[in-house]
Amino acid sequence: MTLSTRKYRPHLFLLAIVAAAACSDRTSPTQPPHLSPQPPGKDISDGAHVASDGKLGNSDVFFLPPMVSNPVKATGYGDPFQAGLPVAFRITDQNTNTVIKNFVASVDLTNQFYSANWDTKASPIDLTHTYRINALIGSKIVAYADVLFGATGASLKNIDTDDFVGLVDGRTLPMKVRIEKGWDCLDKTSCVTQAVPNKIPSGQTVIVSTGGTLPNSAEFSPSGDGTWATNVDGSPITGPIVVTIQDVTSNFPESKGGCGNGLTLQLTQNHCVRITTDPAVRLTSRVRVGTCLANPGDDRQLLVKYDTDPNHQEAPRFLQDAPPPAACPVQIGSATIHSSNPLVRLAARVTDGVGRGLNWVLGVKPAYAFDTGVGGFVGIGDGFSLFAPAFPRRMLAGSGDGQQAAVGTQVANDLVVHFTFVHDVGEDPARADINGASLTCLALTKGSRFATVGTADGPTSSIPATSLGNGLYSCGRPFLSQDAGANQFKVTATGVPDAVLFDVGNDAIQLPGSVTFTATGTDQSQGGDDIVVINDINPFMESMTSANNQRLVRNLVSFTNDKPRSAGTKVWFDQAVDGLCNTRNDAGAPTFTCGQPGAFASFRQALIAGTIQSVVDVSSSDEASPLSNIPSDVKVIVLLAPQTNYTPNEINSLRRFGLDGGRIVLIGDNTVTVYANGLAAENDLLSQFNGYVQGLANSALLSGNNSPVGPAAIQASPITAGLTGLLFGGAGALQAVTDSYATPLIVLDGNVLMAVMPIFDT
């Protein structure tokens, strides 16, 4: 069928006027079933007539005399006649939109036309109405001619025979139409239409093929009841089914995306075939379809069924592998045989067995693999649409899923995926691996990222995956968000959508086109059995207005381990009786602001995190030594600026506390004017725990309260997780012994402001 608008008008029309007869008055026709409303006709449309819309009719369908003059000189006339089609004529009253008569056409193989006789005496004719002869193949109208009736031949003498067939009322009109091959084709170069019986004898098949060098084909076989299809609604089909197979690649120019335009799945080449049926069907027996390719390419491709038409959209689905019904030329349709065995090569040319998709999906290595074209089975319950070659690919998680890390920190292991072909890959399993693909890593959870905060590029929510070879790709070690809970990271591949169906026998699996990793961020990071040292009180007083300082405090108490103190619910806050914050002047007033009532209110509030439910004040002194007997529900002890050495009993109790999984937080201050007297007590205590960290004398950094420390100073640790800075105020420097167990946590211009060291049982 052509879409052109070329015009042809025959020089002479034969007016079908039968000799006048007595005319009865028939103006009240009966009421047969109605069609959809349409205006009164004034038209003839076939391969020799231009319709009222200015377009030539179907260039492979021609009405014949006596309806019209002989179209033998019409452009396009003379292609091979097509017999075996379910041709019918339908007569409609254009004024009332009703069907008044249906005819099943008979075929004249000698004269090559379909015909039926319309005896108008048997039809209710209104001489004031226009009637239309519709020529149908199946349910499709392929040509039509409007008819005007007259009481006598003289009354029809002046009608326009380009628009009407004239007919004397009461006479019989032989309706004839010639149907040529290609009548249902957009491109005749590779197209076939054939009526396939819905009842096929057991053990037999019907193959429909476009023929030629590169045939496209379909093979129909019966189900248990002998049929191969029903109507879409499941009702039976009694007559033959008109099947059209055509290469429609030319309808999808590459400049507009080709056959894959609107399809998220990437095709291996711009080649697509459409199969249609009239009526539309639901298969009761699977149908084998296939196409031969001028450039067969890689035998890891399969046939995918899909449709991007907005009115008939269909998600892509890979068909179970099968050789095409119409064999492809070996030198064209066969891909390279990946075997040195000559018997395998011979089998590749002659085998007519089913495909091996199932073996590969289930991990069964075939003895050999070959293709003679691209083909597959359309399954029971399915229908027809577009078909094209594509690579079935899937992505699986390799390693790195299900990790757990402290919020705001980097997970321990890379996120790795394995990207592979699904179809048979022959004797070399490495052919399954896809290397050099474009994969993207996406951080889906707000606040998660793939770059360290503070780097030149800053945080990013997506990065290209790095190829590791052997089909493996890495997204590196992402950072979790600042919030506790699940973080998700997704890996995608260009041209590989998620959950594409892949037919396996009578079932189908979904091919994962992406991988989503989940990593859990937790406030309960590994910790305890340690002592944290910071020589600045200000971060825990007025600087507690900073979200970073609040986060630091929560991190100090939110940890877990496998020891009994890990489940503790209390923090002991020890301001020694003679400690720095309890220093008084001669009038008895606090010497320092840390001694003012409420100075640590925000600090105390922030300590209620994780398992901590309460903060308990204790005041160690020479007279009272609560640190010598620490209750089992204490998880963290804060030692605030002591100025007198702890007793051996207290030190042993603190060591046992740490070894049971508790954490000691030792807070001092700058050692120039404020904490010079307390430095000795601090370092004595630290020496009792091996002295990996020591306070430095005459040290005062960051003058002024609320002095900011930037993200570059923050060292990665569960204690500093989620920090992008910190506020200090006159901090004292620490010495973390090199090559020891001490870990610097805050380092500014080479000066350690905060450190942690483990507690050992010695």
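Let me start with one term: a residue counts as buried when its relative accessible area is under 20%. Now take R655. Its relative accessible area is 10%, so R655 is buried. That arginine sits in helix 6, residues 648–659. R655 and F689 are 34 residues apart in sequence, yet their C-alpha atoms are 7.7 Å apart in space.

Keep in mind that this is a predicted model. So, confidence before anything else. Mean pLDDT for the protein is 84, and 86% of its residues reach 70 or more. Strand 5, residues 106–108, has the highest confidence, at 98. Helix 2, residues 342–350, has the lowest, at a mean of 33. The pLDDT is below 50 over residues 331–371. That stretch still has 76 contacts in the model beyond near neighbours in sequence. There is another weak stretch at residues 452–458, where pLDDT stays under 50. Here the model has four contacts beyond four places in sequence. Where pLDDT is low, the predicted coordinates should not be read in detail.

Next, the overall picture. The protein has 762 residues, and 52% of them count as buried. Its secondary structure comes to seven helices and 47 strands. Take contacts between residues at least 6 apart in sequence: 74% of them join residues at least 24 apart. The exposed surface is about 32300 Å², with carbon and sulfur atoms supplying 51% of it.

On to the strands. Which strands form the open sheet, and in what order? There are five, in the order 12-13-18-22-21, and the pairing is antiparallel. The edges are strand 12, at 206–209, and strand 21, at 320–321. Each has a single partner strand, so one side of each is left without a neighbour in the sheet. Look at one end in detail. Strand 12 is joined by four bridges to strand 13, residues 216–220. In that pair, V206 stands opposite F220.

Now two enclosed strands. Strand 11 covers residues 191–196. Five of its six residues are buried, so strand 11 is largely enclosed by the rest of the structure. Its antiparallel partner is strand 15, residues 241–247, through six bridges. T193 stands opposite T244 there.

Strand 23 is residues 386–390. Five of the five are buried, so this strand too is largely enclosed by the rest of the structure. L386, A388 and A390 point one way, while F387 and P389 point the other way. What does strand 23 pair with? With strand 16, residues 273–278, there are two bridges, antiparallel. R274 stands opposite L386 in that pairing. With strand 19, residues 302–307, there are five bridges, again antiparallel. In this second pairing, L303 faces P389.

Now the cores. The largest nonpolar core has 43 residues. Inside it, I537, F600 and I746 have the most contacts. Helix 4, residues 547–557, gives the most to this core, with four residues. What does F600 touch, leaving out residues up to four places away in sequence? I537, F540, M541, F573, Q575, C581, C594 and L640. A second, separate core has 34 residues, including F63, A143, V147 and L167.

Back to helix 4 for a moment. Is it mostly covered or mostly open? Mostly covered: eight of its eleven residues are buried. The buried set is N548, N549, R551, L552, V553, N555, L556 and V557. Polar residues are on that list, including N548 and R551. At the start of the helix, a side-chain oxygen of S546 reaches to within 3.1 Å of the backbone nitrogen of N548.

One last site: D529. This aspartate lies in the loop between strand 35, at 525–526, and strand 36, at 530–534. Which side chain does D529 join in a polar contact? That of K563, at 2.9 Å. Not counting residues up to four places away in sequence, D529 also touches G658, L659, G661, G662, P758 and I759. Two of those, G658 and L659, bring us back to helix 6, which spans residues 648–659. R655, where we began, is in that helix too.

Definitions and conventions
Residues numbered from 1 in each chain as written. Predicted model: local features only at pLDDT ≥ 70, side-chain atom pairs only at ≥ 80, totals over all residues. Heavy atoms only, no water. Buried < 20%, exposed > 50% of the residue type's maximum accessible area, 1.4 Å probe, protein only. Pairing = 2+ DSSP bridges. pLDDT = per-residue confidence, 0-100. Contact = heavy atoms within 4.5 Å. Core = buried A, V, L, I, M, F, W, Y, C linked by side-chain atoms within 4.5 Å. Polar contact = N/O pair within 3.5 Å; in protein donor to acceptor, adjacent residues only side chain to side chain. Areas by Shrake-Rupley, 256 points an atom, 1.4 Å probe, with all protein chains shown as cover.
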